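Please open the model in your viewer and keep the sequence panel beside it. The tour below goes from one selection to the next and says what to look for at each stop.

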Amino acid sequence: MQQHGEQPFFQMSGVSKSYGGAVALDRAELAVRSGRIHAILGENGAGKSTLLKVMSGVVQPDEGTMQLDGRQVSFASPAEANAAGIVCVYQELSLIPDLSVADNIFASNPPRRFGMIDRRAQRRQAEAVLARAGAADINPLAKVRDLPLSRQQMVELAKGLAHEPRILILDEATSALTAADVARVIDVLKRLRAEGLALLFISHRMHEVKALADECTVYRNGRHVMSFEAGTRSDTEVIEMMIGRKYQHAFPAKQSAARSADNLADNPAAALADPSASRPATPVLACRDLAWNDTLQGIGFSLQRGEILGLGGLDGQGQRELLLALFGVLRGCAGTIEIDGKAVSISSPVAARANRIGMALIPEDRKTEGLMLPMSVRENLSFAALDRMSSAGIIDRDRQQRLVERMMELLAIKSFSVDAPVGSLSGGNQQKVVIAKWLIRQPRILLLSDPTRGIDVGTKQEIYQLLRRLADEGAAILFYSTDYDELIGCCDRVLVLYEGKIKKELAGPEITEQNLIASALDLPVGQVSPSTGVAL
Amino acid sequence: MSGLRYWYAENRGTTFAFCLFVLMFAIYLFNYPSSLSANVFQTAANKAVLLALVSMAQALVVLTAGIDLSIGMTLVLTNCLGSWIVTGDGLHSALGIVGVLVAGALCGALNGIIIIYGRLQPIVTTIATGAVFYGLALLLRPVPGGSINEDLADALTGKVAGVVPASLLILLAAVLIVWVPFKRSTIGRAAYATGSSEAAAFLSGMPIRRAKFASYMLAGLLAALGGLFLTFFTDTGEASLGSANSYTLFSIAAVVIGGVSLLGGKGSAIGAIFGAFAFRSIGDLLFVFNVDALWQPLFQGVILLLAVAIGACGLFRVRNRLEWFQ
């Protein structure tokens with residue numbers, strides 16, 4: 001493989017693809033060399049996904065050519081692309097929930113004996129390939145449905161490796177991984193590079209790109225903007241290429257920055273121990289000794305008007321469950337929840353959104369929990385507030401139209417029409433719809449579960465601005481994010497969860513990447529190398 | 001040990017159906033009026049195997065998240081066809097059997113082709129094809145009649161070695177020849193995968209179309225085997241809309257009792273077989289307790305509701321209510 005090192009062995013030229021009237025890819029170019037990690041950068045809707053789908057045989061291009069080892073190729077299906085050694089590890093969707101891990105890894109080409117699947121051999125080989133993917137802790141007999149999201153993505157990676165690929169495409173494949181998994185995956189990818197594989201890598205996390213990529217290609221609006229050696233452009237330059245305009249401050253100024261700096265400079269704990277010193281007496285939301293199953297234990301915190309409180313920590317430490325518990329989804333919760341100082345019991349989402357509580361939850365998975373994909377933007381925007389736009393149970397179409405239009409404008413939702421199915425929007429715009437449908441109710445408490453996962457840089461910034469504006473208008477925001485940069489940039493305080501307990505509360509200037517990572521891993525500060533952010 | 005745990009998790013539905021059947025059959029045996037004999041088993045087996053074959057057929061389709069509402073009509077059509085062609089000497093009868101099985105497989109294949117290439121919904125497609133199959137059956141047998149090779153009928157509905165009902169052996173053969181290879185083949189796994197998440201199966205490069213086609217075709221084949229048995233038992237062909245409809249509905253009931261998820265991707269044909277056995281035992285139970293046969297549909301309905309309710313009991317343990325919707 002080494003002799004291919006200099007010359008690309010796979011090339012795409014002039015590849016275009018349109019869906020209906022929308023041009024997704026416009027004369028795209030790509031050159032892939034073996035033994036290299038190649039990052040593809042661009043906002044959502046920049047054409048990256050379509051590019052990868054063309055490469056991996058999921059969609060067929062309208063025009064243009066692909067060459068593999070100097071021969072022209074075309075792939076009618078994912079199976080054909082796999083056979084040619086091009087394998088894509090998807091962000092979601094490609095695992096079959098009711099089959100076991102081993103069945104999934106060898107889904108299309110299981111080991112066979114006498115024409116039938118050899119389950120024992122399959123289990124052995126699955127163990128080997130899981131180990132190769134750095135996930136030896138996963139039992140190959142477990143059902144995929146029963147694994148947490150981060151483990152599922154590791155299975156996804158193992159499945160890709162089982163095809164013995166020449167080009168391995170990772171499409172946002174680290175977006176649900178924990179920090180420890182990302183570190184392992186980075187090691188695995190470096191080893192694969194040393195073995196001569198070509199890796200194509202899409203991530204919205206810039207520090208991963210920096211840690212890994214040898215070469216970067218930027219796409220914008222379906223067009224190839226530029227390819228360059230990694231490290232030859234500054235972050236600001238790269239982001240400007242991606243969004244096509246000058247890059248400004250990613251995060252809006254924190255409202256309470258000045259105020260909390262005063263308090264926290266001398267004694268960081270003061271603000272927590274004595275909230276009455278600088279804050280209104282009654283928090284909008286407070287909870288004490290909240291517990292559920294083994295997942296949440298002794299959770300206690302308070303949230304003030306105008307405050308953005310972050311939830312940090314590794315993925316799957318109870319952050320999602322905490323939000324679900326507050327929103328009345330979990331049964332059998334122990335502990336007390338207080339709204340405006342009065343103890344309440346929130347028995348269901350219906351109760352949580354009622355006026356006296358005024359809570360809204362932006363769920364983790366917008367496609368299944370946030371939206372009805374085939375239904376229109378108008379209807380999706382209306383679902384959480386149908387009672388506000390109807391009289392005597394009949395929907396008032398004028399009122400609905402007014403509210404919907406106001407939200408479309410307020411969040412700058414881009415859609416051909418309010419009657420277009422919400423599934424036809426880009427990921428970022430879909431997420432805006434999920435947020436907007438709750439804003440119609442003007443919630444006092446906004447719970448967000450990783451709302452920027454897998455959406456583009458531009459929309460992320462709009463969401464940060466929006467959250468800060470809502471907080472300034474008096475909303476109390478509880479914001480779970482897997483992205484440390486967001487927690488640092490957005491939050492006034494951050495609760496770091498570890499094994500279902502609040503491990504650490506960081507406020508103001510304490511919120512740094514080192515502190516977040518150290519407490520997320522339950523390490524004392526100082527055992528984390530500041531340059532890479534990876535635990536030693 | 002953990003291997004056993006995963007096995008149990010996968011086969012919980014089948015285990016439940018098996019236990020339900022054993023329980024009901026035990027009650028039946030203990031209350032049987034006269035002394036037990038191999039004949040009792042033989043009669044019980046013959047009645048149960050028919051529904052078991054049709055339920056296996058239904059399970060194959062339901063696993064792909066489809067449904068075959070034409071399965072009872074396929075059974076009746078092949079019954080009528082059998083009463084014409086499975087006659088005469090050994091060779092003629094053998095060719096006739098092959099003909100009947102091929103006809104059933106063709107019925108299933110037609111369903112499969114329309115659903116896969118026409119992209120029509122299984123429920124609509126099979127209602128339509130079911131009407132077509134029943135129409136053909138009526139043309140074959142406007143009035144009940146015909147006959148079948150009687151030696152063969154006696155042999156296949158009798159006992160082997162004086163003890164084992166021959167029909168049970170045929171069912172076992174159907175499991176070993178059709179189900180086991182299916183379950184352990186790439187095609188079969190693709191069928192499970194399609195039922196569980198078709199998009200994921202597609203992105204994994206699995207043979208979705210072949211899997212669906214195989215499921216529907218094998219379902220037709222198994223229904224034809226059932227049709228042959230119906231002919232052996234009754235020695236006649238009858239285009240009965242009533243029995244076609246009840247076989248379709250009972251097969252779905254048996255599949256549900258047997259722990260096969262109507263959403264697809266979960267369960268096994270073995271579960272459906274025990275589901276069918278359990279469902280058939282209801283009639284026997286009513287018989288030993290001298291209950292009027294008029295009560296049978298009512299009891300069948302109650303048992304079906306109970307079985308489904310027990311299967312759903314797990315939902316009460318769910319403490320994250322989002323899991324209700326998955």
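Begin by selecting B:Phe229, which in this predicted model lies in helix H10 of chain B, the helix formed by residues 208-234. Is B:Phe229 buried or exposed? It counts as buried, because 26 C-beta neighbours lie inside 10 Å of B:Phe229 and 20 are enough for that label. Show its surroundings next: leaving aside residues up to four places away in sequence, B:Phe229 touches B:Val49, B:Leu50, B:Leu53 and B:Ser167. If you then add B:Ala153, which is 76 residues away along the chain, you will find 8.3 Å between its C-alpha atom and that of B:Phe229.

Now turn to the contact between the chains, to which chain A gives 29 residues and chain B gives 26 residues. On the side of chain A that touches chain B, the elements giving two or more residues are helix H2 (78-83) and strand S8 (116-117) of chain A, and the largest share, 3 residues, comes from H2(A).

Stay with chain A and colour it by domain: domain 1 covers 2-243, domain 2 is made of 248-358 together with 443-536, and domain 3 covers 369-442. Between the centres of domain 1 and domain 3 of chain A, taken over C-alpha atoms, there are 34 Å.

Select strand S10 of chain A, residues 198-202, where 5 of the 5 residues are buried, so the strand is largely enclosed by the rest of the structure. Both of its faces are covered, with A:Ala198, A:Leu200 and A:Ile202 buried on one side and A:Leu199 and A:Phe201 buried on the other. Which strands pair with S10(A)? Strand S3 (residues 37-41) of chain A pairs with S10(A) in the parallel sense over 4 bridges, while S9(A) is joined to S10(A) by 5 bridges and also runs parallel to it. A useful residue to label here is A:Leu199, since A:Leu199 is the bridge partner of A:Ile37 and also the bridge partner of A:Leu168.

Just before strand S9 (167-171) of chain A, in the loop that follows helix H5 (149-162), select A:Glu164. Most residues other than glycine have a negative phi. A:Glu164, however, has a positive phi of about 50 degrees although it is not a glycine, and it counts as partly exposed because it has 13 C-beta neighbours inside 10 Å.

A second residue of this kind is A:Asp340, which is not a glycine and yet has a positive phi of about 50 degrees. A:Asp340 sits in the loop between strand S16 (334-339) and strand S17 (342-344) of chain A, and it is partly exposed, with 15 other C-beta atoms within 10 Å.

The two strands beside that loop lead to the next selection, an open sheet of 4 strands in chain A, arranged in the order S14-S13-S16-S17 with antiparallel pairing. Strand S14 (296-303) and S17 stand at the edges, and each has a single partner strand, so one side of each is left without a neighbour in the sheet. On average, and ignoring direction, neighbouring strands of this sheet are turned by 25 degrees against each other. Add helix H11 (residues 319-326) of chain A, which packs on the sheet by touching S13, S14 and S16, and whose direction makes about 65 degrees with that of S14(A). Within the sheet, strand S13 (residues 285-292) is joined to S14(A) by 5 antiparallel bridges, and A:Trp292 stands opposite A:Leu296 in S14(A).

Select helix H16 of chain A, residues 427-439, whose 13 residues should span 18 Å at 1.5 Å a residue, which agrees with the 19 Å between its end C-alpha atoms. How much of H16(A) is buried? The count is 12 of the 13 residues, so H16(A) is largely enclosed by the rest of the structure; among the buried residues are A:Trp438 and A:Leu439. These buried residues pack against strand S18 (359-362) and helices H13 (366-370), H14 (377-382), H15 (397-410) and H17 (457-472) of chain A.

Finally, colour chain A by pLDDT: its mean is 83, and 87% of its residues reach 70 or more. Over residues 1-5 of chain A the pLDDT is below 50, and this stretch has 10 contacts in the model beyond near neighbours in sequence. The pLDDT also stays under 50 over residues 257-277 of chain A, for which the model has 22 contacts beyond four places in sequence. Where pLDDT is low, the predicted coordinates should not be read in detail.

Conventions:
Residues numbered from 1 in each chain as written. Chains lettered and ligands numbered in written order. Predicted model: local features only at pLDDT ≥ 70, side-chain atom pairs only at ≥ 80, totals over all residues. Contact = placed C-beta atoms within 7 Å. Domains from an automatic or database assignment. Expected span 1.5 Å × (residues − 1). Pairing = 2+ DSSP bridges. Axes fitted to C-alpha atoms, helices over the stretch in contact; angles between N-to-C directions. pLDDT = per-residue confidence, 0-100.
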